[in-house]
Amino acid sequence: MLQNYPNPFNAHTSIPFHLTEAARVELRLVDLLGQMVEILVEDDFAAGHQTLHWDAKSASGQPAASGVYFYRLRVGDQTITRRLLLLR
(Lines give C-alpha, C1' and ligand atoms only; values in the text may rest on other atoms or scores of the structure.)
Protein backbone atom coordinates (compact mmCIF):
# COMPACT_ATOMS: atom_id res chain seq x y z
CA MET A 1 0.00 0.00 0.00
CA LEU A 2 1.24 3.44 -0.85
CA GLN A 3 0.76 6.62 1.17
CA ASN A 4 -2.43 8.56 0.57
CA TYR A 5 -2.21 11.73 -1.50
CA PRO A 6 -2.43 14.58 -1.01
CA ASN A 7 -1.32 14.38 2.61
CA PRO A 8 -2.08 16.64 4.39
CA PHE A 9 -5.40 17.16 2.64
CA ASN A 10 -8.51 19.29 2.95
CA ALA A 11 -11.59 17.85 1.28
CA HIS A 12 -10.56 14.63 -0.46
CA THR A 13 -7.67 12.17 -0.44
CA SER A 14 -6.81 9.09 -2.50
CA ILE A 15 -5.50 5.84 -1.04
CA PRO A 16 -3.72 3.63 -3.59
CA PHE A 17 -2.80 -0.02 -3.09
CA HIS A 18 -1.76 -2.99 -5.19
CA LEU A 19 -3.05 -6.55 -4.96
CA THR A 20 -0.96 -9.40 -6.34
CA GLU A 21 -4.07 -11.57 -6.52
CA ALA A 22 -7.82 -11.17 -6.12
CA ALA A 23 -8.70 -10.72 -2.46
CA ARG A 24 -11.23 -9.50 0.09
CA VAL A 25 -10.29 -5.94 1.09
CA GLU A 26 -11.32 -3.98 4.16
CA LEU A 27 -10.28 -0.35 4.57
CA ARG A 28 -11.23 1.56 7.72
CA LEU A 29 -10.48 5.09 8.92
CA VAL A 30 -9.92 5.54 12.66
CA ASP A 31 -9.10 8.56 14.82
CA LEU A 32 -6.18 8.94 17.24
CA LEU A 33 -8.12 7.07 19.93
CA GLY A 34 -8.69 4.12 17.59
CA GLN A 35 -12.39 4.87 17.23
CA MET A 36 -13.84 3.98 13.86
CA VAL A 37 -14.68 7.01 11.72
CA GLU A 38 -15.61 5.37 8.42
CA ILE A 39 -15.48 2.03 6.66
CA LEU A 40 -14.44 2.88 3.11
CA VAL A 41 -14.79 -0.62 1.74
CA GLU A 42 -15.45 -4.24 2.62
CA ASP A 43 -15.49 -5.97 -0.73
CA ASP A 44 -13.71 -8.31 -3.13
CA PHE A 45 -11.18 -6.74 -5.49
CA ALA A 46 -9.41 -8.05 -8.57
CA ALA A 47 -5.63 -8.23 -8.71
CA GLY A 48 -3.87 -5.06 -9.79
CA HIS A 49 -3.59 -1.41 -8.86
CA GLN A 50 -6.56 -0.01 -6.95
CA THR A 51 -7.37 3.44 -5.53
CA LEU A 52 -9.97 4.33 -2.92
CA HIS A 53 -11.06 7.86 -2.04
CA TRP A 54 -12.11 9.44 1.26
CA ASP A 55 -14.22 12.59 1.23
CA ALA A 56 -13.29 13.51 4.85
CA LYS A 57 -16.72 12.58 6.16
CA SER A 58 -17.65 10.23 8.97
CA ALA A 59 -19.88 7.17 8.54
CA SER A 60 -22.86 9.39 9.46
CA GLY A 61 -22.01 11.81 6.62
CA GLN A 62 -20.77 14.58 8.89
CA PRO A 63 -17.50 16.37 8.04
CA ALA A 64 -14.60 14.92 10.02
CA ALA A 65 -12.70 17.33 12.29
CA SER A 66 -9.19 18.49 11.46
CA GLY A 67 -6.55 16.21 12.85
CA VAL A 68 -4.58 13.01 12.50
CA TYR A 69 -6.32 9.86 11.32
CA PHE A 70 -5.14 6.38 10.43
CA TYR A 71 -6.30 4.13 7.66
CA ARG A 72 -6.05 0.37 8.07
CA LEU A 73 -6.02 -1.86 5.03
CA ARG A 74 -6.73 -5.52 5.75
CA VAL A 75 -6.15 -8.09 3.02
CA GLY A 76 -6.49 -11.66 4.27
CA ASP A 77 -4.47 -11.94 7.47
CA GLN A 78 -2.27 -8.92 6.66
CA THR A 79 -3.03 -5.43 8.02
CA ILE A 80 -1.20 -2.25 7.01
CA THR A 81 -1.72 1.07 8.78
CA ARG A 82 -0.78 4.54 7.54
CA ARG A 83 -1.28 8.02 8.96
CA LEU A 84 -3.05 10.91 7.25
CA LEU A 85 -3.65 14.51 8.22
CA LEU A 86 -6.89 16.37 7.60
CA LEU A 87 -6.62 20.18 7.66
CA ARG A 88 -9.84 22.15 7.39
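# Exercises on an all-strand model

Leaving out residues up to four places away in sequence, Phe-9 touches Asn-4, Trp-54, Ala-56, Leu-84, Leu-85, Leu-86 and Leu-87. The exercises below start from this residue and work outwards through the model, which is a predicted one.

## Exercise 1. The surroundings of Phe-9

Determine where Phe-9 is found, whether it is buried or exposed, and which rings are linked with it into a cluster.

*Solution.* Begin with the position along the chain: Phe-9 is found in the segment before strand 1. Next, take the relative accessible area, which is 3% for Phe-9; the cut-off for buried is under 20%, and Phe-9 is therefore buried. Then consider the partner at the other end of the numbering, for the C-alpha atoms of Phe-9 and Leu-85 are separated by 6.4 Å although the two residues are 76 apart along the chain. Finally, turn to the rings: ring pairs join Phe-9, Trp-54 and Tyr-69 into a cluster, and Trp-54 is also among the residues that Phe-9 touches.

## Exercise 2. The peptide bonds before strand 1

Identify the cis peptide bonds that lead into Pro-6 and Pro-8, and place both prolines relative to strand 1.

*Solution.* The general expectation comes first: most peptide bonds are trans. Against that background, the bond from Tyr-5 to Pro-6 is cis, with omega near -15°, and the bond from Asn-7 to Pro-8 is cis as well, with omega near 5°. As to location, Pro-6 lies in the segment before strand 1, which covers residues 13-19, and Pro-8 has its place in the segment before strand 1 too.

## Exercise 3. The loop between strands 4 and 5

Describe the backbone of Ala-56, and work out whether Ala-56 and Ser-58 are buried or exposed.

*Solution.* Start with the loop itself, which runs between strand 4 (48-54) and strand 5 (67-75) and holds Ala-56; Ser-58 lies in the loop between strand 4 and strand 5 as well. For the backbone, recall that most residues other than glycine have a negative phi. Ala-56, which is not a glycine, nevertheless has a positive phi of about 60°. For burial, Ala-56 has 0% relative accessibility and so counts as buried, while Ser-58, with a relative accessible area of 18%, is buried too. Last come the contacts of Ser-58, which, when residues up to four places away in sequence are not counted, are Val-37, Glu-38 and Ala-64.

## Exercise 4. Glu-38 seen from strand 3

Find out which residues Glu-38 touches and whether this side chain's residue, Glu-38, is buried or exposed.

*Solution.* Glu-38 is found in strand 3, and with a relative accessible area of 17% it is buried. Beyond four places in sequence, Glu-38 touches Leu-27, Arg-28, Leu-29, Trp-54, Lys-57, Ser-58 and Ala-59. Of these, Arg-28 may be followed through its backbone position: Glu-38 and Arg-28 are 10 residues apart along the chain, and their C-alpha atoms are separated by 5.9 Å.

## Exercise 5. Leu-86 and the aromatic pairs

State what Leu-86 is in contact with, and then give the geometry of the pair formed by Phe-17 and Phe-45.

*Solution.* Leu-86 lies in strand 6, residues 78-86, and at 0% relative accessibility it counts as buried. Its neighbours within four places in sequence left aside, Leu-86 is in contact with Phe-9, Asn-10, Ala-56, Ala-64, Ala-65, Ser-66, Gly-67 and Tyr-69. Turning to the rings, a search of the whole structure gives 3 aromatic pairs. Phe-17 and Phe-45 form an edge-to-face pair, with 5.8 Å from centre to centre and 70° between the planes. This pair links distant parts of the chain, since Phe-17 is in strand 1 and Phe-45 in strand 3 (residues 36-45), 28 residues apart, and both residues are buried.

## Exercise 6. The fold as a whole

Explain why the protein may be called as compact as a globular protein of its length, and how many helices and strands it has.

*Solution.* The protein has 0 helices and 6 strands, so that its elements run β-β-β-β-β-β from the N terminus on. Its radius of gyration is 12 Å, close to the 12 Å that the globule rule gives for 88 residues, and the protein is therefore as compact as a globular protein of that length. Of the 88 residues, 38% count as buried. Among contacts with a separation of 6 or more, 52% are between residues 24 or more positions apart.

Definitions and conventions
Residues are numbered from 1 along each chain as its sequence is written. This is a predicted model: local features need pLDDT of at least 70, side-chain atom pairs count only at pLDDT 80 or more; totals for chains, interfaces and linings use all residues. Side-chain values use heavy atoms; hydrogens and water are left out. Helices (H or I, at least four residues) and strands (E, at least two) are DSSP runs, numbered from the N terminus. The radius of gyration is taken over C-alpha atoms; the globule rule is 2.2 Å times the number of residues to the power 0.38. Buried means under 20% relative accessible area, exposed over 50%, partly exposed in between (1.4 Å probe, protein chains only). Contact means heavy atoms within 4.5 Å. Rings of Phe, Tyr and Trp (its six-membered ring) pair if their centres lie within 6.5 Å; planes under 30 degrees apart count as stacked, over 60 as edge-to-face and the rest as tilted.
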